[in-house]
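Student: I would like a close look at one part of this model, the aromatic ring pairs. Please start from the overall picture and finish with what lies around that part.

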Amino acid sequence: MSATASEHLKKVPEITFLFWVMKICATTLGETAGDLLSMTMNVGYAVSSMILLGAFFVTLVAQLVAKRYIPPIYWLVILSTSTAGTTMSDYMDRTLGLGYAKGSALLVTLLVIILAIWRITQKSLSVTNIRSLKVELFYWAAILVSNTLGTALGDFLADDSGLGFMGGALLIGSLLVIIVLLYYFTSISHVALFWIAFVLTRPFGATFGDVLTKGPEKGGLGFGTMGSSAILFAILLVLVIYETIRVARSRRVEVSATSSRFG
């Protein structure tokens, strides 16, 4: 298979700085939108989780059917895992009474099991070479669980650790900086660092979402779930449009280069 054909068949984006900016924006929006549905609109955690899991499966089918990376579809799935993860975590921790620590431990165990089965059966945990249906299912299962785990960790840091919303965001931000340094200056597995960062960006989004939505008396900025969701949606929409244009331009360049070589 030619390099150009291989690029066309990619189902996921390259792991760049833009990817992480979009991921944090999407997961923060998932936090505020999940809270908007379950709490502000008073739908409840259980019903909200069922609604949002339904949305996740619809967007996932669209992603699985797609033959290559299509930014609007891919980021809709990321957003749906974030919103569903928010309400599912809240349902486990609050409605079922597991608490943040037990809920997080359960989700960590589940994520490790998914990654272990993926590694054993596929001999790789690559997050860029996602082409077969089985690998893609492992990929999205791990993302859904990691985003749910991230919500529980974020709530634990904000509510139980004593750090507060801003303190939790600063702690996670510092850990993410350490991961970046480990990526560039050590030989630690880049795949392992990716999944650690992927999990940590979710509580960063969760705590940052709380900073946006909660009132000043609780250490937040007081935008509310509706206002925060609107702001984050607008930012994410702009980034997805930019990514769509960038990917389309890149593919046109690849096709032009191929035509020049063989024409």
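Tutor: Here is a walk from the whole chain to the rings, and then on to some residues around them.

This is a predicted model, in which local features need pLDDT of at least 70, side-chain atom pairs count only at pLDDT 80 or more, and totals for chains, interfaces and linings use all residues. Residues are numbered from 1 along each chain as its sequence is written, and side-chain values use heavy atoms, leaving out hydrogens and water.

The protein has nine helices and zero strands, where helices (H or I, at least four residues) and strands (E, at least two) are DSSP runs numbered from the N terminus. Read from the N terminus, the order of elements is α-α-α-α-α-α-α-α-α. Of its 263 residues, 47% count as buried; buried means under 20% relative accessible area, exposed means over 50%, and partly exposed is in between, with a 1.4 Å probe and protein chains only. A contact means heavy atoms within 4.5 Å. Among contacts between residues at least 6 apart in sequence, 74% join residues at least 24 apart.

Now to the rings. A pair of aromatic rings is described by the distance of the centres and the angle of the planes. Rings of Phe, Tyr and Trp (its six-membered ring) pair if their centres lie within 6.5 Å, and planes under 30 degrees apart count as stacked, over 60 as edge-to-face and the rest as tilted. By this rule the count is 16 aromatic pairs. One of them joins tyrosine 74 and tryptophan 75, edge-to-face, at 5.1 Å centre to centre with 80° between the planes. Tyrosine 74 and tryptophan 75 are both buried. Tyrosine 139 and tryptophan 140 are also edge-to-face, because their planes stand at 85° while the ring centres are 5.1 Å apart. Tyrosine 139 is buried, as is tryptophan 140. Ring pairs link these four residues into a cluster whose members also include Phe19, Trp20, Tyr69, Trp118, Phe138, Phe194, Trp195 and Phe198.

Phenylalanine 198 leads us to a charge. Lysine 23 lies over the face of that ring, at 4.1 Å from its centre; a charge sits over a ring if NZ of Lys or CZ of Arg is within 6 Å of the ring centre and within 35 degrees of the ring normal.

Lys23 and Phe198 meet again around asparagine 147. This residue lies in helix 6 and is buried, with a relative accessible area of 0%. Leaving aside residues up to four places away in sequence, asparagine 147 touches Lys23, Thr27, Ile78, Thr81, Ser82, Phe198 and Arg202. Threonine 27 is 120 residues from asparagine 147 along the chain, yet their C-alpha atoms are separated by 7.7 Å.

Helix 6 (residues 133-160) also holds glutamate 136. Glutamate 136 is buried, with a relative accessible area of 2%, and touches Lys11, Gln63, Leu64 and Ile130, again not counting residues up to four places away in sequence.

For contrast, take helix 7. Leucine 175 lies there and is partly exposed, with a relative accessible area of 33%. Its C-alpha is 8.7 Å from that of alanine 197, 22 residues apart in sequence. Tyrosine 183, in helix 7 (residues 164-185), is partly exposed as well, with a relative accessible area of 36%.
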